[in-house]
Amino acid sequence: MRTASYVIFWAIATAVVVALITLPISLQAHLIAGTIVVGAMILLKFLRPYGVWRLIALGLGTAMVLRYVYWRTTSTLPPVNQLEDFIPGLILYLAELYNIGMLFLSLFVVAMPLPRRKTPPPLPAEAPAVDVFVPTYNEEPELLATTLSAALAMDYPTGRLTVYLLDDGGTDEKCNADNFVAASAARERRTALQTLCEGLGVTYLTRERNVSAKAGNLNNGLANSGGELIVVFDADHAPARSFLTETIGYFAQDPKLFLVQTPHFFINPDPLERNLKTFKAMPSENEMFYGIIQRGLDKWNASFFCGSAAVLRRTALQTTSGFSGRSITEDAETAITLHATGWNSIYVDKPLIAGLQPATFTSFIGQRSRWAQGMMQILIYHRPMLKRGLSWPQRLCYSSSALFWLFPFVRLTFLVAPLCYLFFGLEIFTASGAEFIAYVFSYMAVNLMMQNYLYGRYRWPWISELYEFIQSVYLLPAVISVLLNPGKPTFRVTAKSEELGTRRVSELGLPFFIIFAVLALGVVATYWRTIAQPYNADTTLVVGLWNILNLLMAGCALGVVSERPEGRGARRFPVKRRGEISIGGLTAPIVTENVSVDGVAIRVLSKGFDKLAVGSKGEISFETSIAMPSGGLPVRIARLASDQKGLVLGCQYEPSEPLHSRIIADLAFSDARIWSDFQKARRQNMGVVYGTFRFLRLAVFQTSRGLSYLFGLYRFSRSTKPRSAAE
């Protein structure tokens, strides 16, 4: 009886919604309805932002979006017999449907995500044996020393933890290559890393041939180890001491659990954050995924392996012959395969590792191209919506994650669409200026409000669109290449530990300056059409506003590809640790101010050090812990400063043995709470209105900065050309 009542209720509710969506009303009435909906969503956001009221607000927004879809479908498509208008009009319409479809998938995934898991279950009485895999290909030994040292320092029962360095840059195949120079470099690398591992107490592993890239490397680790649980850290992902105590206990609760994934936290800005100077104020791009989307996926048992900062069960991997290597995103492919065979996953939303993300725009695009191509391969090879073994929620979740990477088609369609009218007079969107304002503007306002409901603290308005725009130019050919030939892409390692020492325009920046110039011509065309065709002025002005929005986005992109210098000194976090410094025959107590993997700022707590000079060398030591052997760390004074509280020394490390790497890792990565505090300070909801004004201000400034970089560097190159004898 109750089931019948539910069916009747939802049938009536559906009929009411359909009636409201299709109800023919005037433009004025539609504008009033849109204003009421936006107002109600704003009111609910302030008064009742959670629980059922959140769903009501999202439901109101969904009704307005569906009304827009109905109007767009029934009233705006060009006539089929006018192919020059109909074909681009249909492409634009399909792009909008894709956006709306992704919005609805997002609603399903993150409308009510799981709350954060705050208290981890304790370790079992007999702690399972854990093997830590750190795969490497071409990373520097210094970087690897830090990651391996941090892994060794993790809190875990003695004798139950083994750390492996999986070296794919020193394989037999590489060491015996026909290219003598490359073979010699591979042999030197193998020897250096073997020495490093021996000094740290880490097991070094390599293999005969470089087959199946990272997946093959990890599977070689599986074949040469025996721990019950496998932990994977990228070469530049150093864990906190608490990583294992925060994750391992979950495996004792669920024998079918194959994965505990934690977020990737980065201590350096990506190219957008660095060049726009938003790193310390704005949530990072990955926080939207790790802060909200993964928790939404976790609700549906669809949180997936992200390649690092994760724990996996060996017996689960053995059921599928190890890590999957058919696609170049072995992590997500491994997860979908295991989910389809009945295994479960868990997401722990605590930053427990600190890593490095690409510093240059070129490396950033290379990384995202690999992600896009890999997810397209999963879409083609695994067909998530049809994959047997997945639940329907899991199918929707994996489809959402894979289909997202089709955004380059949509972004570039929205970029070109207004130019079709402004340059060529094509009417690909048959609506008057008044209709456009009434429907499109209300749809955009509701869409922005819904995005703010879903991601407000994790993504500021228009920033996702900017990230997608700057990637689309290069990801479009990458995605097309996979759709044409799914087996073509090969795994490429993302560059680690890059630094920029000078101002420059990225080598990939030229297309954005060309796009900006074309869109600027669109502004000229808007003015010309308004004067030449006053009877279409309303439509021209509306389309011109669309083009100006694109121009602002392109102008902001100019700032992204105009790269600022950034050294490792920017990768510092406040760490308070008491210790002692010995230098120039003097000894004094110290306390650290901030720490990075390259150096430390210390405050000297006694007098008599005023005569120190930059370049002086000494040794610092700190209070020891169970995980950290005692000893001193050699340093060189790089900076002297003083304030009312006393002398502050900026010191650079000068490590010469493995113990020094252990001390550096303990200083920089032992306490995960520092990273959580940093994230919380950035997670502020800007609101749609203020966020929009902030973006407009940012776009104007970055446009001028990007153009100044271009012309400034052009003048510099002209002035430094060697003169001919005739001159």
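This note sets out points on the cores, a surface patch, a sheet and one buried residue of a predicted model.

1. Largest nonpolar core. This core holds 129 residues, and the members that touch the most other members are Phe323, Phe361, Phe469, Ile470 and Phe512. Helix 18, which spans residues 433-455, gives the most to the core, with twelve residues.

2. Contacts of Ile470. When residues up to four places away in sequence are not counted, Ile470 touches Leu272, Phe361, Phe364, Ile365, Phe512, Ala557 and Val560. Two of these names, Phe361 and Phe512, also appear with Ile470 among the members of the largest core that touch the most others.

3. Second core. Another core, of 75 residues, lies apart from the largest one. Its members include Leu196, Leu257, Val260 and Ile620. As general background, nonpolar side chains in soluble globular proteins tend to be buried together.

4. Nonpolar surface patch. Phe423, Phe424, Leu510, Ile514, Val518, Leu521 and Val524 make a nonpolar patch of about 680 Å² on the surface. Helix 17 (407-424) and helix 20 (510-532) are the elements that give two or more residues to the patch. The largest share comes from helix 20, which supplies five residues.

5. Leu521 within the patch. Leu521 belongs to helix 20 and is one of the patch residues. Is Leu521 buried or exposed? Its relative accessible area is 52%; because the class of exposed residues begins over 50%, Leu521 is counted as exposed.

6. Open sheet. Three strands form an open sheet of mixed pairing, in the order 5-10-7. Strand 5 (238-239) and strand 7 (265-266) stand at the edges with a single partner strand each, so one side of each has no neighbour in the sheet. Strand 10, residues 353-355, runs antiparallel to strand 5, and two bridges join them. In one bridge of the sheet, Ala238 has Ala354 of strand 10 as its partner.

7. Thr337. This residue is placed in helix 14, residues 330-340. Its relative accessibility is 19%; since buried means under 20%, Thr337 counts as buried. Which residues does Thr337 contact, leaving aside neighbours within four places in sequence? Thr337 is in contact with Thr320, Ser324 and His382.

8. Two residues side by side. The assignments of Leu521 and Thr337 may be read together: Leu521 is exposed at 52%, whereas Thr337 is buried at 19%. Leu521 lies in helix 20, and Thr337 lies in helix 14.

Key
Residues are numbered from 1 along each chain as its sequence is written. This is a predicted model: local features need pLDDT of at least 70, side-chain atom pairs count only at pLDDT 80 or more; totals for chains, interfaces and linings use all residues. Side-chain values use heavy atoms; hydrogens and water are left out. Patches are made of residues with over 30% relative accessible area and no salt bridge: like charges are joined within 9 Å, nonpolar side chains (Val, Leu, Ile, Met, Phe, Trp, Tyr) within 5 Å. Accessible areas come from the Shrake-Rupley method with a 1.4 Å probe; for residues, only the protein chains shown count as cover. A salt bridge is a side-chain nitrogen of Lys or Arg within 4 Å of a carboxyl oxygen of Asp or Glu. Helices (H or I, at least four residues) and strands (E, at least two) are DSSP runs, numbered from the N terminus. Buried means under 20% relative accessible area, exposed over 50%, partly exposed in between (1.4 Å probe, protein chains only). A nonpolar core is a set of buried Ala, Val, Leu, Ile, Met, Phe, Trp, Tyr and Cys residues joined through side-chain atoms within 4.5 Å. Contact means heavy atoms within 4.5 Å. Two strands pair if DSSP finds at least two bridges between them.
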